[in-house]
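Got your viewer open and a free hand for clicking? Let's take a walk through this one, stop by stop.

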Amino acid sequence: MPTLEEQRFDELIAADARVEPRDWMPEGYRKTLVRQISQHAHSEIIGMQPEANWISRAPSLKRKAILMAKVQDEAGHGLYLYSAAQTLGTPRDEMFQALVDGTAKYSSIFNYPTLTWADMGAIGWLVDGAAICNQVPLCRASYGPYGRAMVRICKEESFHQRQGFEILLELMNGTDAQKAMAQDAVDRWYAPSLMMFGPPDGDSPNSQQSMAWNIKRFSNDDLRQRFVDMLVPQAEALGVTLPDPDLRFNEQTGHYDYGQLDWDEFHEVLAGRGPCNGQRLAHRRKAFEDGAWVREAAAAYARTQAQLEKVAS
Amino acid sequence: MTTPGAADDREEWPMWEVFVRANRGLSHVHAGSLHAPDATMAVKNARDLYTRRNEGVSIWVVPAEFITTSDPDAKGAYFESPAGKNYRHASYYTKSEGVKHL
Amino acid sequence: MTTFDHGDIQLDELALDDEIVRRAGVATADVAEYALWLGDDALVLAQQLGWWISRAPELEEDIALGNIALDLLGHARSLLSYAGSASGRTEDDLAYWRGERDFRSSQLVEQPNGDYAHTIVRQLAAAVSMYELYSRLQSSGDATLAAIAAKAVKEVAYHREHCVEWFRRLALGTDESRRRLEIALDHVWPYVGDLFRDEPLIDRLEGIAVRPSSLRPAFDAVIDALAAETGIVFPAADTARGGGRRGWHTEYLSLLLAEMQVLAREHPGATW
């Protein structure tokens, strides 16, 4: 017999209503959310680095401004998500600590290096494109604070994919060296971006439960298919080749078939053995540790001022 | 009763709730939260975080721990009463239909 | 910022437009040179602050410094575009294809980011002086400079608040923060004088440019007030040799430009 609380929760989910922070919720639901939202937040924060890497070298002042605004947005998105996770009872400092300790996971895509300027284009077009496919359905996630954070993020992110596409388009309309740079970046980012949707449905044990709870709305493979279908015409418009010999339109399904992805690589990177895992964590840890004295100073100042005000009143 | 997510001694900087007025004539609406060492910095951080795209003309910040919420378990007790009192709404009064300016 | 009852803080004056107004106008050679002074200061500072995005002491500060960098980059783009109008060059021609000797930025802005205290001290001197400068430049006889200043002064007013608040916290926070702040002042403050040096160019731009030395009293008043409030003793501001406006720089600028310009210079004639 479900308890009254469980019944109420199940009714909310069945009615596709929103669960709010002070509602009763099953422990598994809370845990799943904390894990997913904090991982999402960590991904935004670590995800700043591959692009921040090119802020100082952006090849025009306009591109420099756009890139700065974009990386700055990512800090904001991390912040919105940490706030959402915090409503479930885990303080941000604790989540942050787990990240710098290396015990928290984040999207494996950010463990790949950004080797050329064209990577800024490929990340915007492919990585943000995949992220948007993932995120739009999350705006309707059953947990209210998560959905609201996603609404804000999706609104702000609408320019991220476009600016990436535009970078690649400029390159493809440019010199031979620029064209080669663009194709090389697409070659490197295409498969990892497809893997951003997570393992195939058969190997994704948590997906079913997440969908039953209305956290996740579509399966990994469904989202991946939607993304591939979207990419093909965009690649044609750009004039780049997607590096998949098996990619072709399937008349019967009305979708594009695509080749096998290297899931061994995916799991390797996820397990901490990607090209940049160590570097990304070290960067985050250094910023966190170098900033400690600043955060302490501000906290100490606030305490002193509060005391002075007390004495004065 | 404090709100979930309020800062406690596990946090270096406390959490603040941010309310933004989108335009003159409108109320401040909850926009989200952030961390800041004190009120002055909280307003600045809110400006930088929640009004980068012209979303606001005015900001309130409140320490999250000072927000008191109604008890969701007492939902019935708190929010049942208005139901069945639809005489508080103009649409309850139908006899005057067709009469102008009412 | 004005505080009303019930904590209502108006942000109208802080509302940011997408980009600074670009008025059609061709600068004379002298005006262009002066626009480079201001534009190069803003560009070098923006380049420096951009480094902090992903490295700041707290996430909220990543965003705050990013906003300041973006404002400054906006000012730089307007000023360099205007400067370029005198010689048929674009903002990017000027940013990416001039060597270190042709940069007219002050020696202050090229001083390294260092720890957060160094950045705040450099930012304090820059923002306080820029605020005084742009306040006066709004009534410049040159319409384009006046328009750019009118936009910039509002943004710089916020930058000034930001670094004054942080200066207070570092000065009065912990022993460690005060110690670091004093080291930063020793390193950075000697270059502050370079902001206030008059050059012959200024004599030729009467009514158009703001005389740098005329900003000094207002600048000193702000700093003196901060010194009185915090008990921090500011070192002398004029001990470095200076000369950024003549293209004399410290070792740091060349490295900064090398990084900023490397990609653009690998692809001459390319568009991005």
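Start by selecting chain B and turning on its surface. Chain B exposes about 6,100 Å², and carbon and sulfur atoms supply 54% of that area. Keep in mind as you look around that this is a predicted model.

Now switch chain B to cartoon. You should find two helices and three strands. Trace them from the N terminus and the order reads β-β-α-β-α. Of the chain's 102 residues, 42% count as buried. If you display contacts in chain B between residues with a separation of 6 or more, 45% of them link residues 24 or more positions apart.

Next, hop over to chain A and select residues 92–101 and 277–290, which are helices α5 and α12. How do these two sit against each other? Their axes come within 8 Å and cross at roughly 135°, so α5(A) and α12(A) are oblique to each other. Show the side chains where they touch: A:Phe96, A:Gln97, A:Leu99 and A:Val100 come from α5(A), while A:Leu281, A:Arg284, A:Arg285 and A:Phe288 come from α12(A). Colour that contact by class and you get five nonpolar residues, one polar and two charged.

Stay in chain A and pick another pair: helix α7 (residues 144–172) and helix α8 (residues 176–195). Here the axes are 7 Å apart and the packing angle is about 140°. That angle makes α7(A) oblique to α8(A), because a pair has to be over 145 degrees to count as roughly antiparallel. Zoom in on the contact: from α7(A) come A:Leu168, A:Leu171 and A:Met172, and they meet A:Gln178, A:Lys179, A:Ala182 and A:Val186 of α8(A). By class, that is five nonpolar residues, one polar and one charged.

Before leaving chain A, check two spots in the loops. Most residues other than glycine have a negative phi, and here are two that don't. Select A:Asp16, in the loop between α1 (4–14) and α2 (27–46) of chain A. Its phi is positive, near 55°. Then jump to A:Asn214, in the loop between α9 (207–212) and α10 (220–238) of chain A; its phi is positive too, at about 60°. Which of the two labels, buried or partly exposed, goes with A:Asp16? At 36% relative accessibility, A:Asp16 counts as partly exposed. A:Asn214, with a relative accessible area of 13%, is buried.

Time for chain C. Select residues 59–84, which form helix α2. This helix has 26 residues and reaches 37 Å from its first C-alpha to its last, close to the 38 Å expected at 1.5 Å a residue. It is mostly covered, with 23 of the 26 residues buried.

For the last stop, select residues 216–230 of chain C, helix α8. Its 15 residues should span 21 Å at 1.5 Å a residue, and the end C-alpha atoms are indeed 21 Å apart. Highlight the buried residues of α8(C): C:Ala218, C:Phe219, C:Ile223, C:Leu226, C:Ala227 and C:Thr230. What covers them? Turn on α4 (116–137), α5 (143–172) and α6 (175–188) of chain C, which are among the elements that do the covering. Finally, step just past the helix to C:Gly231, which follows α8(C) and has a positive phi, near 75°.

Technical notes:
Residues are numbered from 1 along each chain as its sequence is written. Chains are lettered from A and ligands numbered from 1 in the order in which they are written. This is a predicted model: local features need pLDDT of at least 70, side-chain atom pairs count only at pLDDT 80 or more; totals for chains, interfaces and linings use all residues. Side-chain values use heavy atoms; hydrogens and water are left out. Helices (H or I, at least four residues) and strands (E, at least two) are DSSP runs, numbered from the N terminus. The expected span of a helix is 1.5 Å times one less than its number of residues. Buried means under 20% relative accessible area, exposed over 50%, partly exposed in between (1.4 Å probe, protein chains only). Contact means heavy atoms within 4.5 Å. Accessible areas come from the Shrake-Rupley method with a 1.4 Å probe; for residues, only the protein chains shown count as cover. Axes are lines fitted to C-alpha atoms, for helices over the stretch in contact, and angles run from 0 to 180 degrees between N-to-C directions. Angles under 35 degrees count as roughly parallel, over 145 as roughly antiparallel, 65 to 115 as roughly perpendicular and the rest as oblique. Ala, Val, Leu, Ile, Met, Phe, Trp, Tyr, Cys and Pro count as nonpolar, Asp, Glu, Lys and Arg as charged, and the others, Gly among them, as polar.
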